Amino acid sequence: MSQKYDITMKNIFSDMADDIMSYFLGLQYTKIDELNIEFARVERRDSDMIFKCTTDKGNVAVHIEFQSENDEKMPYRMLRYSLEIMEKHSLLPYQIVIYIGKDNANMKNSLNYNFGEQNTLDYKYRIIDVGDIKYTDVLKTDYYDLYSLLPLMDKNRRKEEGEKYLERCVEAIKDIPLDINKKKDIAFKAEILSGIVFKKEVIERVFSEVMRMFRIEESETYKMIIEKGIEKGEKEKSIKIAKKLLKEGMDIDRIAEITELSKEEIKKLMN
């Protein structure tokens, strides 16, 4: 993985861990603790994510690596990680590589040899190519943290639509039913990850518009317009209820109590 993405990867993906384990892995689990261990004997680097989890198979270490480039040495690295996890924590490792590169994933996910019954190795782990995940499938879920990965998904559609595809991703993020700060965080991560597959000028053009919309949503004027719209809708609903109650012969005092309209307002409705 290039240094640019390796440095920021853990921060970018830290909030996605739960959604990744639920959506990508389909795990039924309870997360106990994050194992922040440095593999001193393994290439002098930290693993991306390791969590101690309780599953229907007992306690395991869910180990997630992110890779933006194909690496022919990946199986060796993953095996060394696996051994470190078992030795240091006495946990069985559930390992997965999340590939977020521009090209198709073509790394091996296994190591094996057989020199007879007492000298064998059969080691495997999972590789998930984010580019194979359908954009529409993720939009059907409420795994909103995964929306940061939308620009890297659906590689065939992405290549066919180009900039239009990135615009779709940004619109989906803008429409997430979360508070403005969370949407800005997801959009920021999506913008960074877009750099893996889109040109800088395209990214700047597309994301500048959504950031402008976020600034508008944060403005006091925008908030006031929304609040006034809600107030107007509630007032119209109250008037409609009051008219119906007047037809049924209810007294004005009781209608005012139910609808929170003034008596004067209700009397005007009688004319």
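Select Asp145 and Lys182 first. Their side chains are joined by a polar contact of 2.8 Å. This is a predicted model, so local features count only where pLDDT is at least 70.

Stay on Asp145. This residue sits in the loop between α4 and α5. Is Asp145 buried or exposed? Its relative accessibility is 15%, so Asp145 counts as buried, the cut-off being under 20%. Now show its surroundings. Setting aside neighbours within four places in sequence, Asp145 is in contact with Asp15, Met16, Asp19, Lys182 and Ile186.

**Along the α4–α5 loop**

Move to Asp154. It is found in the loop between α4 (135-139) and α5 (155-161). Check its backbone: phi is positive, about 50°, although Asp154 is not a glycine. Asp154 counts as buried, at 7% relative accessibility.

Next, pick Thr136. This residue lies in helix α4. With a relative accessible area of 37%, Thr136 is partly exposed. Add Met153 to the selection. Thr136 and Met153 are 17 residues apart in sequence, and their C-alpha atoms are 9.8 Å apart in space.

**Into the core**

Colour the largest nonpolar core, a group of 49 residues. Which members touch the most others? They are Phe13, Ile20, Phe24, Ile64, Ile98, Ile100 and Leu149. Helix α6 (residues 163-174) gives the most to this core, with six residues. Colour by domain too. The core draws at least three residues from each of domain 1 (1-132) and domain 2 (133-218).

Now centre on Ile64. Which residues is Ile64 in contact with, leaving aside its neighbours within four places in sequence? They are Ile20, Met21, Asp48, Met49, Ile96 and Ile98.

Then look for a second core, separate from the one above. It has ten residues, including Leu79, Tyr81, Tyr99 and Leu111.

**Helix α6**

Select helix α6. Its buried residues are Tyr165, Leu166, Cys169, Val170, Ala172, Ile173 and Lys174. Check its length by placing a distance between its end C-alpha atoms. They are 17 Å apart. At 1.5 Å a residue, the twelve residues of α6 should span 16 Å, so the two values agree.

**Two cysteines**

Keep Cys169 from α6 and add Cys53. Cys169 is buried, with a relative accessible area of 0%. Cys53 is also at 0% relative accessibility and counts as buried. How many disulfides are there? The count comes to zero, taking a disulfide as a pair of cysteine sulfur atoms within 2.5 Å.

**A polar pair on strand β5**

Go to Glu65. Its place is in strand β5 (residues 58-67). Is this glutamate, Glu65, buried or exposed? Glu65 is buried, with a relative accessible area of 0%. Show side chains here and add His63. A polar contact of 3.0 Å joins the side chains of Glu65 and His63.

**Out to Ser90**

Select Ser90. Look for it in the loop between α3 (74-89) and β6 (92-99). Its phi is near 55°, a positive value in a residue other than glycine. Is Ser90 buried or exposed? Ser90 is exposed, because its relative accessible area of 64% is over the 50% cut-off.

**Helix α11**

Jump to Lys267. This residue lies in helix α11 (residues 263-269). Lys267 counts as partly exposed, at 46% relative accessibility. Add Ile252 for a distance. Lys267 and Ile252 are 15 residues apart in sequence and 7.7 Å apart in space, C-alpha to C-alpha.

**Zoom out**

Show the whole chain as a cartoon. How many helices and strands does the protein have? There are eleven helices and nine strands. Switch to a surface view next. Of the 271 residues, 40% count as buried. Last, turn on contacts. Among contacts in the protein with a separation of 6 or more, 58% come from residues 24 or more positions apart.

Note on methods
Residues are numbered from 1 along each chain as its sequence is written. This is a predicted model: local features need pLDDT of at least 70, side-chain atom pairs count only at pLDDT 80 or more; totals for chains, interfaces and linings use all residues. Side-chain values use heavy atoms; hydrogens and water are left out. A nonpolar core is a set of buried Ala, Val, Leu, Ile, Met, Phe, Trp, Tyr and Cys residues joined through side-chain atoms within 4.5 Å. Buried means under 20% relative accessible area, exposed over 50%, partly exposed in between (1.4 Å probe, protein chains only). Helices (H or I, at least four residues) and strands (E, at least two) are DSSP runs, numbered from the N terminus. Domain bounds come from an automatic or database domain assignment. Contact means heavy atoms within 4.5 Å. A polar contact is a pair of N or O atoms within 3.5 Å; within protein, one must be able to donate a hydrogen and the other to accept it, and residues adjacent in sequence count only if both atoms are side-chain atoms. The expected span of a helix is 1.5 Å times one less than its number of residues.
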